[in-house]
Amino acid sequence: MLPALDSAEGRHYQGLGIRCFELKTPMALPHLPQALLAQVRMNWAQVTGVLKAQGFDLLISNTVAILHGNTLASLLGVPHVTYVHEYLDDPELVPDSIGKEAYLAMVAQGSAGLLGCSEMVLSQFAPIPGQPRQCLPPFDDRQPPIDRALNGATERVLQVIGTQSHRKNAVFATAVAKALKVIGMPVRLDLMGTRNNASDKIDQ
C-alpha cells in the first residue's frame, strides 16, 4: 500500500507484478495534526472492505512516520508490526505538536511488536512489558551476502538505507564521503537499497 501509485516506488513494484493499493494519507511527521485530520476524513469502511477481501492477516508499517497502519490493523482485527529505521533527533522528523516520547509511545502502543534496523533505533522506545522487539538489519535477499565486518576499531562506516531515490538523498551521502576523504577521514559508504531514480547520479 502506497501513498501514490504514480511514483517511483509505485512504478517499481507494479513493474514487478506486485498488486499495489493507493491510500492517500500524509506523513505524520513532522506535522502530526494534518495526518490525524486525514484519518478523521478517511472512509475507513471502504478501505477496510477492500483489504478484508484480500485476506491479509498481518499489517507492517515500514516507517514510524505513518500512523494509519495502527488504525487499519485495529479495524481489521489483525496484528500490526512497525519497522523502525528512523531516530527522532532529526529536526525534519520531530513531531511539531507533541513530544517525541509521546509520539513514539503512540507508535509502540499501536504495534504488536517492533522491528528495527539497529539496536539504536529500538532503544528510543520506552519498554512495554511483553512486547517483542527484534533488530533486523537491512538486506536485499536477491543479492549474495557481502561480508560487512568492520575492519578494526578505527573503520568509519556511513550507511544509507532504502531505495536509491531522490527523496532518500543518497547522492548527498556520496558527497559527504568524498569530503571526509579529502580531509583525511575516509569512510566506507554502504548504500543498502535497490536502484531507483537517483542511481545514475550516484554512479557518477
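**Exercise 1. Count the helices and strands of the protein chain in this predicted model, then give the order of the elements.**

Solution. Step 1: the secondary structure comprises eight helices and six strands. Step 2: read from the N terminus, the order is α-α-α-β-α-β-α-β-α-β-β-α-β-α. Step 3: for the overall extent, the C-alpha atoms fill a box of roughly 55 × 40 × 30 Å along the principal axes.

**Exercise 2. Determine how helices H3 and H4 are oriented to each other, and list the residues that make their contact.**

Solution. Step 1: H3 covers residues 44–52 and H4 covers residues 68–76; they pack at about 70 degrees, and their axes are 10 Å apart. Step 2: angles of 65 to 115 degrees count as roughly perpendicular, and H3 and H4 are therefore roughly perpendicular to each other. Step 3: H3 contributes Trp44, Val47, Thr48, Leu51 and Lys52, while H4 contributes His68, Thr71, Leu72, Leu75 and Leu76. Step 4: sorted by type, the residues of this contact are six nonpolar, three polar and one charged.

**Exercise 3. In the loop between H1 and H2, locate Pro30 and Leu16, and state what kind of peptide bond joins Leu29 and Pro30.**

Solution. Step 1: the loop that holds Leu16 runs between helix H1 (8–15) and helix H2 (32–41). Step 2: Pro30 lies in the loop between H1 and H2. Step 3: omega between Leu29 and Pro30 is about 0 degrees, and the bond is cis. Most peptide bonds are trans. Step 4: Leu16, together with Tyr13 and Ile18, makes a nonpolar surface patch of about 280 Å².

Note on methods. Residues are numbered from 1 along each chain as its sequence is written. This is a predicted model: local features need pLDDT of at least 70, side-chain atom pairs count only at pLDDT 80 or more; totals for chains, interfaces and linings use all residues. Side-chain values use heavy atoms; hydrogens and water are left out. Axes are lines fitted to C-alpha atoms, for helices over the stretch in contact, and angles run from 0 to 180 degrees between N-to-C directions. Helices (H or I, at least four residues) and strands (E, at least two) are DSSP runs, numbered from the N terminus. Angles under 35 degrees count as roughly parallel, over 145 as roughly antiparallel, 65 to 115 as roughly perpendicular and the rest as oblique. Contact means heavy atoms within 4.5 Å. Ala, Val, Leu, Ile, Met, Phe, Trp, Tyr, Cys and Pro count as nonpolar, Asp, Glu, Lys and Arg as charged, and the others, Gly among them, as polar. Patches are made of residues with over 30% relative accessible area and no salt bridge: like charges are joined within 9 Å, nonpolar side chains (Val, Leu, Ile, Met, Phe, Trp, Tyr) within 5 Å. Accessible areas come from the Shrake-Rupley method with a 1.4 Å probe; for residues, only the protein chains shown count as cover. A salt bridge is a side-chain nitrogen of Lys or Arg within 4 Å of a carboxyl oxygen of Asp or Glu.
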